[in-house]
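The following exercises concern the arrangement of helices, strands and cores in a single chain. Each task is followed by a solution in steps.

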Amino acid sequence: MQTPEIALRAAQNEDREFIERVYFETQRWITEALFGRRGDDFERAKFAESYDANNTRVIVVAGADAGWLTVQRSTAIHLESIYLTPGKQRIGIGTALIRGLIEEARAAGKTLKLSTAKINPARNLYERLGFVVVSEDEYKVYMKCRP
């Protein structure tokens, strides 16, 4: 299967509704499994606390918005989040984007880090791409991929 053409663009204020929708479409089951149903207002407030518009890029596939990712760059590269709409999952987009970050980290001599819910099936992808668990807490695993 050939990976579709992927581009990234800086998230704008007008993308916020799309970004929230993708997050809740893909992550609600995880937050409810871990914490129970806490209500939309509570979840939106939690999302707003953690959302980093400055480091967020909208993922564009074949000219259409398909998801978003947030990456922090400092002494390490930290993949804060990556979310794809359900119709764009499991077709190589996430793999291609993460491989690009691995190459960026390798070229810069930095470690690529991420964290994910222990129950998130994407953990299998991360492990396949060479990430290893370096620590964990009650809900999450913290992973890294060295260059």
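**Exercise 1.** Determine how helix 1 and helix 2 are oriented to each other.

*Solution.* Step 1: in this predicted model, the axes of helix 1 (residues 16–35) and helix 2 (residues 40–50) cross at roughly 115° and come within 11 Å. Axes are lines fitted to C-alpha atoms, for helices over the stretch in contact, with angles from 0 to 180 degrees between N-to-C directions; helices are DSSP runs (H or I, at least four residues) and strands likewise (E, at least two), numbered from the N terminus.
Step 2: angles of 65 to 115 degrees count as roughly perpendicular, and the two helices are therefore roughly perpendicular to each other.
Step 3: the residues in contact (heavy atoms within 4.5 Å) include Tyr23 and Phe24 of helix 1 and Phe47 of helix 2.

Residues are numbered from 1 along each chain as its sequence is written. Local features need pLDDT of at least 70 and side-chain atom pairs count only at pLDDT 80 or more, while totals for chains, interfaces and linings use all residues; side-chain values use heavy atoms, with hydrogens and water left out.

**Exercise 2.** Establish the strand order of the sheet and identify its edges.

*Solution.* Step 1: the open sheet has 7 strands in the order 1-2-3-4-5-7-6, with mixed pairing; two strands pair if DSSP finds at least two bridges between them.
Step 2: strand 1 (6–10) and strand 6 (132–136) each have a single partner strand, so one side of each is left without a neighbour in the sheet.
Step 3: helix 1 packs on this sheet, touching strand 2, strand 3, strand 4 and strand 5, and its direction makes about 70° with that of strand 3.

**Exercise 3.** Describe how strand 3 pairs with strand 2 and with strand 4.

*Solution.* Step 1: strand 2 and strand 3 run antiparallel, joined by 6 bridges; Ile59 stands opposite Gly67.
Step 2: the hairpin of these strands has 2 residues between them, and Ala62 takes a positive phi near 50° there.
Step 3: strand 3 and strand 4 are also antiparallel, over 7 bridges, and Leu69 has Ile82 as its bridge partner. Their hairpin has 3 residues between the strands.

**Exercise 4.** Which element gives the most to the largest nonpolar core?

*Solution.* Step 1: a nonpolar core is a set of buried (under 20% relative accessible area, 1.4 Å probe, protein chains only) Ala, Val, Leu, Ile, Met, Phe, Trp, Tyr and Cys residues joined through side-chain atoms within 4.5 Å.
Step 2: the largest has 24 residues, and Ile59, Ile82 and Phe131 are among those with the most contacts inside it.
Step 3: helix 3 gives the most, with 6 residues.

Definitions and conventions
Buried < 20%, exposed > 50% of the residue type's maximum accessible area, 1.4 Å probe, protein only. Parallel < 35°, antiparallel > 145°, perpendicular 65-115°, else oblique.
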